[in-house]
Amino acid sequence: MREGYKILQGNTPTLTDIKADFDEEIQTGEFIRRLLTLTTKERLQDVFPSLLNDVNNLISTWGPQGTVDPFTELYKLVFQVTVRMATCSELADDPEAVSRLWGLYQTVEKGTTPAAILFPRFPSSGRKARDKATADLFVMLLSYVELRRNAKVPSSDAIDVLLSGGAPTNEIIECFIIGVIFAGVVNTGMNVCWVLLYLRRDLTWKTRATAEVQQLMAKHATSLSKSDPLHKRLASIPVSAWEAGMPVADALIRETLRLTSGGGVALQRNMDNAVTIGGKSIARGDFLAYLLEDVHFDASIYSDPYTFDPGRYEAGREEDKRAPFAYLGWGIGRHPCAGMKVAKLEMKVVLALFLAGFDYDIVDGAGWPLTAVPEIDRNDIHLARPLQPCTIKFKRTEE
Ligand code: HEM
């Protein structure tokens, strides 16, 4: 799988890109197993208050009102939270270090142009900048792994958990930190932006989602009063309630993923004998790519497929069950998304903070409200930003 994504998307850097020498070969299966142990309910519960603190700290830098570009600011927010989940407190608590990491990450991300994917060995200036950023990224992360390895008192942070589980250094850096950042930040960041945009123009669902958040707080945040900070009240809701007690938010996320997946592909490598699919022979070792919009925008499955309509998954309609494998937002089969629980939790937290603590609107570059949600730029293969410039105008109503 890692090979496939390297060919098709070219964005996740690896140690071989910078010829770093490590003895151990990374076992993808082992990495997924370790990632799943890091995303158990208990561990998520452990890290949850820090996660909400991070989100609140960043949101506080926006001031009581103003405008923000969600496709920059919410990405930064998801980045901070991902660093919290995938590394250690020494890094996640240091805004300067996170900002440096963010800069390196962006250089790598921006170096992933269509030309770079088609001509991966062409030494363009973008390619050189990307390679330098990749090397700096590894050196920086290695210093934190070494710091934690030599720490006298172990912690429950991700790097410590991985070290104590015997994960090799290259696996910790390449798979967990870099892999998780690249797999998680773009997908989660992009979808959290779109869910807020879609919701702002659908008042019925916005009202339902706001009521759900308020009910959750009324039920679980009983030890705190309304005068306590919103993020603390949200942090007192157990992770299990975020996971199982938010059917409205689940439907919103499900529908947003269907719409944003337009340019996405699922990849599979044929590791068995040659097979024939649709009259084409697929040899052993060949990659198969399936464009998700083929099923996600199929009007015989999803009525009015380009419209945001979270009610299509509700009992009585269940359009995603009209055909086998009709919903592929989190992948399917033996290798579905290993970060789904984390991604959903992060998206729900941002959503809840916005719904309970902000009045917001979507406006154009000149500050005028947009009457409709802008279209997704389907040529923006990684970030799926809107075709038309748009920002969020906000006023904080609760802090
Ligand atoms: C909204 C956010 C996300 C979406 C929509 C998403 C979507 C997906 C999809 C569709 C796949 C399957 C790809 C395929 O079959 O070709 C996948 C795989 C994967 N995702 Fe995610 N993902 C998200 C967030 C995350 C996060 C936060 C992490 C890490 C913490 C993560 C880690 C992974 C990994 C490791 C795999 C490979 C699983 C395997 O090969 O067994 N993802 N994701």
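Here are some questions and answers about helix packing and the sheet in this predicted model.

Q: Why is α4 called oblique to α10?
A: Helix α4 (residues 70-86) and helix α10 (residues 169-200) pack at an angle of about 140 degrees. Roughly antiparallel would need an angle over 145, and roughly perpendicular covers 65 to 115, so the pair falls among the rest, which count as oblique. The axes of α4 and α10 are 8 Å apart, and the crossing is right-handed.

Q: Which residues make the contact of α4 with α10?
A: From α4 come P70, F71, L74, Y75, V78, F79, T82 and A86. From α10 come F176, I177, V180, I181, G184, V185, T188, G189, V192, C193 and L196. Residues count as being in contact if their C-beta atoms, placed from the backbone, lie within 7 Å.

Q: How many charged residues does the contact of α4 with α10 have?
A: There are no charged residues in that contact, alongside 15 nonpolar and four polar ones. Gly counts as polar here, and G184 and G189 of α10 belong to the contact.

Q: What makes α8 roughly perpendicular to α10?
A: Helix α8 (residues 125-149) and α10 pack at an angle of about 115 degrees, with their axes 10 Å apart. The roughly perpendicular class runs from 65 to 115, so this pair is placed in it. The α8 and α10 crossing is right-handed. On the α8 side the contact uses L137, F138, L141, L142 and V145, and on the α10 side T169, I172, I173, I177 and I178. By class, that gives nine nonpolar, one polar and no charged residues.

Q: Why is α3 described as oblique to α16?
A: The axes of helix α3 (residues 41-60) and helix α16 (residues 340-357) cross at roughly 45 degrees and come within 11 Å. Roughly parallel requires an angle under 35 and roughly perpendicular begins at 65, so oblique is the class that remains. α3 passes α16 in a right-handed crossing.

Q: What is the make-up of the contact of α3 with α16, by class?
A: It holds nine nonpolar, no polar and no charged residues. L44, L51, L52, V55 and I59 in α3 meet L345, V349, V350 and L353 in α16.

Q: What does the UniProt record say about residues 176-199, and what is the chain like there?
A: The unreviewed UniProt entry annotates residues 176-199 as "transmembrane region". In the model, this stretch is 100% helix and 0% strand, with its end C-alpha atoms 32 Å apart.

Q: Why do β1 and β6 count as edge strands?
A: Three strands form an open sheet in the order β1-β7-β6, with antiparallel pairing. β1 (65-68) and β6 (358-363) each have a single partner strand, so one side of each lacks a neighbour in the sheet. From one strand to the next, the twist averages 20 degrees.

Q: How do you know that β6 and β7 pair?
A: Pairing takes at least two bridges between two strands. β6 and strand β7 (residues 391-396) have six bridges, in the antiparallel sense. I362 stands opposite I392 in β7.

Methods. Residues numbered from 1 in each chain as written. Predicted model: local features only at pLDDT ≥ 70, side-chain atom pairs only at ≥ 80, totals over all residues. Axes fitted to C-alpha atoms, helices over the stretch in contact; angles between N-to-C directions. Helix = DSSP H or I, 4+ residues; strand = E, 2+ residues; numbered from the N terminus. Left-handed = near helix turned anticlockwise from the far one by under 90°. Contact = placed C-beta atoms within 7 Å. UniProt positions renumbered as here; feature names shortened; annotations may be inferred.
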